[in-house]
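Colleague: Got a minute to walk me through this model? I'd like the overall picture before the details.

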Amino acid sequence: MNPIRKAVALISGGLDSMLAARMMLEQGIHVEGLNFFTGFCVEGHTHAIRKHQQTKPKRNNALWVAETLGIKLHIIDVVEEYKDVVINPKHGYGQHLNPCLDCKIFMVKKAHEWRQEHDFDFIITGEVIGQRPMSQRKRTMPIVANQSGAKERLLRPLSALNLPETLPEQEGWVDRNKLLAITGRSRKEQFSLAEQLGITEYSQPAGGCCFLTNEHYSRKLADLWQAQGKREYDLDDVMLLKIGRHIRPKSHFKVIIGREEGENRYLEGYRRRFISLEPTSHDGPIALIDGNTTPEDIQEAARIAARYSQGRLDKKVIFSVRPAASKEGFELSVKPFLAEEIQAEWMV
Amino acid sequence: MKYTLDLTYLLCPMPVIRFGQLAPQMKSGDTAHLICSDPGVEYDVPAWCRVHGYTIKSIHKSDEQILIDIEKP
């Protein structure tokens with residue numbers, strides 16, 4: 001009797017990886033999913049932070065896909081290892097700070113390592129030729145297979161008929177005749193396949209899932225690197241760049257100001273790391289100061305924060321200023337900046 | 001054995017990642033008490049448990065925290 005073959009699937013939570021996994025399940029392959037957490041994903045937590053998005057489903061889409069398909073999902077923290085991908089991408093960046101080709105190579109390489117460790121037979125992804133400008137092109141998809149080490153054990157069920165045969169097809173573990181030849185950016189074939197398979201619910205498919213593809217986010221990350229004088233980050237940096245207004249009045253410090261209740265609550269958790277400003281005379285957002293500051297800088301930061309409080313048109317706004325990780329602070333009274341005094345170039 | 005994980009201020013998917021790292025160390029019948037603040041855990045943790053065959057014993061919510069008790073079958 002032939003052994004049941006096992007495939008590990010990269011599961012992003014989007015439609016394509018869901019379809020790829022389902023196609024393998026339909027062929028009797030045992031599938032387990034991998035989802036790698038880099039810190040840069042646009043996912044439920046950003047909705048969880050912001051109060052006005054509380055009605056949006058806060059589910060982790062990869063977990064939802066796994067449960068829907070009835071497969072195990074291993075969510076793996078790769079934040080530290082992924083830094084080299086973001087900071088030194090061998091294949092460069094896309095339009096912003098998105099190292100998409102290096103990212104895909106990294107993820108397939110990690111999947112390959114997991115496959116070997118857990119004695120699985122091959123890897124599948126939901127990649128489609130021509131769907132993404134960097135990593136999902138006919139020219140670059142072989143690069144992913146080769147440089148990840150996965151080589152002929154990497155199968156892309158949705159585009160397989162436009163790619164050379166892989167080991168699972170050659171060995172008969174997978175019937176190539178049941179694989180597809182989807183190409184391009186149109187989603188029609190995927191939607192049609194989903195309907196055929198009875199999949200009626202799925203998250204935003206195949207794109208917009210990484211903050212590094214976002215122009216504004218990339219600008220904030222570049223600003224962080226410039227201010228630090230080096231290309232480094234930690235997970236807190238990655239998370240903070242996703243929320244609040246970032247205002248840099250001087251090269252050596254910036255002010256992060258919450259935009260609404262949920263963000264303010266989230267920023268409170270960072271009082272352990274930064275100087276915080278909380279208005280006491282008026283309603284207003286909490287602000288954090290990131291950088292090495294003088295008393296004059298703190299004054300300036302407070303005047304900026306005051307601009308975003310209910311006291312912005314008043315003569316003074318009073319703040320409680322708390323040093324990092326301190327429960328005790330001091331009171332500071334400032335005159336809010338006028339709108340025209342907030343320089344456009346300060347806005348990150 | 002009862003384990004306690006303080007996952008305050010950790011956002012999705014870090015709570016399930018941290019619990020996923022603990023889970024292999026748990027023996028059958030062991031329980032884990034998760035202290036969370038991310039509203040997303042109300043979906044993520046039960047979903048993870050369903051996917052991996054663990055049992056949610058209880059979920060308690062207050063303004064500040066979400067407390068989840070899990071048992072390994």
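Modeller: Chain A has 12 helices and 11 strands, where helices (H or I, at least four residues) and strands (E, at least two) are DSSP runs numbered from the N terminus. This is a predicted model, in which local features need pLDDT of at least 70 and side-chain atom pairs count only at pLDDT 80 or more, while totals for chains, interfaces and linings use all residues. Residues are numbered from 1 along each chain as its sequence is written, chains are lettered from A and ligands numbered from 1 in the order in which they are written, and side-chain values use heavy atoms, with hydrogens and water left out.

Colleague: What does the C-alpha trace of chain A span along its principal axes?

Modeller: The trace covers about 80 × 40 × 35 Å. Of the 348 residues in chain A, 55% are buried, meaning under 20% relative accessible area (exposed is over 50%, partly exposed in between; 1.4 Å probe, protein chains only).

Colleague: And how many of the contacts in chain A join residues at least 24 apart?

Modeller: That comes to 65% of the contacts between residues at least 6 apart in sequence. Contact here means heavy atoms within 4.5 Å.

Colleague: Let's switch to helix 9 of chain A. What is its reach from first C-alpha to last?

Modeller: Helix 9 takes in residues 215–228, 14 residues, and reaches 20 Å, close to the 20 Å expected at 1.5 Å a residue. The expected span is 1.5 Å times one less than the number of residues.

Colleague: Which residues in helix 9 of chain A are buried?

Modeller: Tyr217(A), Ser218(A), Lys220(A), Leu221(A), Asp223(A), Leu224(A) and Trp225(A). Their cover includes helix 4 (79–87), helix 10 (235–240), strand 6 (245–250), strand 7 (253–257) and strand 9 (287–291) of chain A.

Colleague: What caps the N-terminal end of helix 9 of chain A, and what follows the helix?

Modeller: Asn214(A) is the N-terminal cap, with a side-chain oxygen 3.0 Å from the backbone nitrogen of His216(A). After the helix comes Gly229(A), which has a positive phi near 80°.

Colleague: OK, salt bridges. How many over all chains?

Modeller: The rule gives 26 over all chains; it asks for a side-chain nitrogen of Lys or Arg within 4 Å of a carboxyl oxygen of Asp or Glu. One of them joins Glu80(A) and Lys83(A), at 3.2 Å from N to O.

Colleague: How are Glu80(A) and Lys83(A) placed in helix 4 of chain A?

Modeller: They are three residues apart in helix 4, so about one helical turn separates them. Glu80(A) is exposed at 56% relative accessible area, whereas Lys83(A) counts as buried at 17%.

Colleague: Is Glu263(A) buried or exposed?

Modeller: Glu263(A) is buried, at 0% relative accessible area. Its salt bridge is with Arg259(A), the closest N and O atoms being 2.8 Å apart, and Arg259(A) is partly exposed at 39%. Elsewhere, salt bridges with shared partners link Asp234(A), Asp236(A), Asp237(A), Arg272(A) and Arg273(A) into one network.

Colleague: Now the interface. How many residues of chain A are in contact with chain B?

Modeller: 22 residues of chain A are in contact with 18 residues of chain B. The buried area between the two chains is about 1800 Å², with carbon and sulfur atoms giving 70%; that is the accessible area (1.4 Å probe) lost by two parts on being put together, summed over both.

Colleague: Which residue forms a salt bridge with Arg50(B)?

Modeller: Glu67(A), with its closest N and O atoms 2.1 Å apart. The rule finds two salt bridges across this interface. On the chain A side, helix 2 (44–49), helix 3 (61–69), strand 3 (73–77) and helix 10 each give two or more residues. Strand 3 of chain A has the largest share, five residues.

Colleague: One last spot: where is Ser159(A)?

Modeller: Ser159(A) sits in the loop between strand 5 (154–155) and helix 7 (167–170) of chain A, and is buried at 0% relative accessible area. A polar atom of the Ser159(A) side chain lies 3.0 Å from the backbone nitrogen of Ile129(A). Leaving aside neighbours within four places in sequence, Ser159(A) is in contact with residues including Glu127(A), Val128(A) and Leu180(A).

Key: A polar contact is a pair of N or O atoms within 3.5 Å; within protein, one must be able to donate a hydrogen and the other to accept it, and residues adjacent in sequence count only if both atoms are side-chain atoms.
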